[in-house]
Amino acid sequence: MVNTFPDRREDLALTSFFLRSGPPAEWRVADSPVAYEQAVETMEKRAAEIAAGHESELVWLLEHPPLYTSGTSAKTVDLIDARFPVFATGRGGQFTYHGPGQRVVYLMLDLKRRRPDVRAYVASLEEFTIRTLAAFNVRGERRENRVGVWVARPEKGPACEDKIGAIGVRLKRWVSLHGISINVEPDLTHFSGIVPCGVADPRYGVTSLVDLGLPVTMDDVDIALKQAFADIFGPAKAAADKLAV
């Protein structure tokens, strides 16, 4: 089990490392909000089946009801106002928010088959997010000392940036759990109950595609996500049946 973020030196060469042989990953989109505990239970079960060779890889797109999660590096002082349920999770990182209007992408990928390299996998998730944003002419960027994907906001002041995409990773038997989230149109005031990802500097806030002035729908984002996934990780196929949750 790996519950950490590795050295994150910007190295785009790492993002082209995934083998694309083997069956396509299964692609599923939840049609209603999924409770966090149910999502974790489903991920854990699927990851175990993938590791045992009984199931295909899965990319699961969903939204959660409003909630906060704490990663393995979370600090109690960063929970300012527990206005929503708080869930401890085995992923790396600190506190984050999930809720309606945010696209959460859980990836259950067999890194042992593809490439067992945590640092490269995190870099690939960053690139996955950046390419998705690029479909809407948004320039997402990495930061050496801040996990996630950021956009420059010079109109807010010198060196101001906002986070638009979060990343959290956990591995079990070299199968990935958790993944990324992209703010499409969440209620940004909900982030004020935490110090998002432990970044307290007032120059660094949180934004969304709609907050940036882009009238983007969740369906638009899903199309961009699927193309970006194919570019980096290989093809995915739509599921033929409903995922048991």
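## A salt bridge between helix and strand

Let's start with a charged pair: E44 and K172 join their side chains in a salt bridge, with N and O 2.8 Å apart. E44 belongs to helix α1 (residues 36–51) and K172 to strand β9, so this pair ties together parts that are 128 residues apart in sequence. Please keep in mind that the model is a predicted one.

How exposed are the two partners? E44 has a relative accessible area of 23%, which makes this residue partly exposed. K172 also counts as partly exposed, at 28% relative accessibility.

## Other charged pairs

The structure holds 22 salt bridges. In one of these, R142 pairs with E126, and the closest N and O atoms are 3.0 Å apart. This pair links distant parts of the chain, since R142 sits in strand β7 (residues 141–143) and E126 in helix α3, 16 residues apart. Are R142 and E126 buried or exposed? R142 is buried, and E126 is buried too.

R153 and D162 offer a further example, with their side chains meeting in a salt bridge at 2.8 Å from N to O. Both of these residues, R153 and D162, are buried. You can also look for a network of salt bridges that links R139, E141, R143, R146 and E161.

## Strand β10 and its neighbours

Strand β10 has partners to look at in turn. With β9, β10 pairs in the antiparallel sense over eight bridges. Here K172, the salt-bridge partner of E44, stands opposite V175 in β10. The hairpin of β9 and β10 has two residues between the strands, and R173 takes a positive phi near 55° there.

With β6, β10 also pairs in the antiparallel sense, this time over five bridges. R103 has I182 of β10 as its bridge partner. Why is β10 described as largely enclosed by the rest of the structure? Nine of the nine residues of β10 are buried, so the strand earns that description.

## Helix α3

Helix α3 has 17 residues, which at 1.5 Å a residue should span 24 Å. The C-alpha atoms at the ends of α3 are 24 Å apart, which agrees with that expectation. At the start of α3, a side-chain oxygen of D117 comes to within 3.2 Å of the backbone nitrogen of R119.

Of the 17 residues of α3, 14 are buried, so this helix is largely enclosed by the rest of the structure. One of the residues in α3 is E126, the salt-bridge partner of R142.

## The nonpolar cores

Which residues of the largest nonpolar core touch the most other members? They are L107, F128, L225 and F229, in a core of 37 residues. At least two residues of this core come from each of β1 (25–29), β2 (58–62), β6 (102–108), α3 (118–134), β8 (146–152), β9 (161–172), β10 (175–183) and α4 (218–233). The largest share, eight residues, is supplied by α4.

L225 is a good place to zoom in. Leaving aside residues up to four places away in sequence, L225 touches W27, L61, R103, V105, F128, T132, I180 and I182. Two of these names came up earlier, as R103 and I182 are bridge partners. Apart from the largest core lies another, of 17 residues, including Y36, M43, L58 and F87.

Terms used:
Residues are numbered from 1 along each chain as its sequence is written. This is a predicted model: local features need pLDDT of at least 70, side-chain atom pairs count only at pLDDT 80 or more; totals for chains, interfaces and linings use all residues. Side-chain values use heavy atoms; hydrogens and water are left out. A nonpolar core is a set of buried Ala, Val, Leu, Ile, Met, Phe, Trp, Tyr and Cys residues joined through side-chain atoms within 4.5 Å. Buried means under 20% relative accessible area, exposed over 50%, partly exposed in between (1.4 Å probe, protein chains only). Helices (H or I, at least four residues) and strands (E, at least two) are DSSP runs, numbered from the N terminus. Contact means heavy atoms within 4.5 Å. Two strands pair if DSSP finds at least two bridges between them. The expected span of a helix is 1.5 Å times one less than its number of residues. A polar contact is a pair of N or O atoms within 3.5 Å; within protein, one must be able to donate a hydrogen and the other to accept it, and residues adjacent in sequence count only if both atoms are side-chain atoms. A salt bridge is a side-chain nitrogen of Lys or Arg within 4 Å of a carboxyl oxygen of Asp or Glu.
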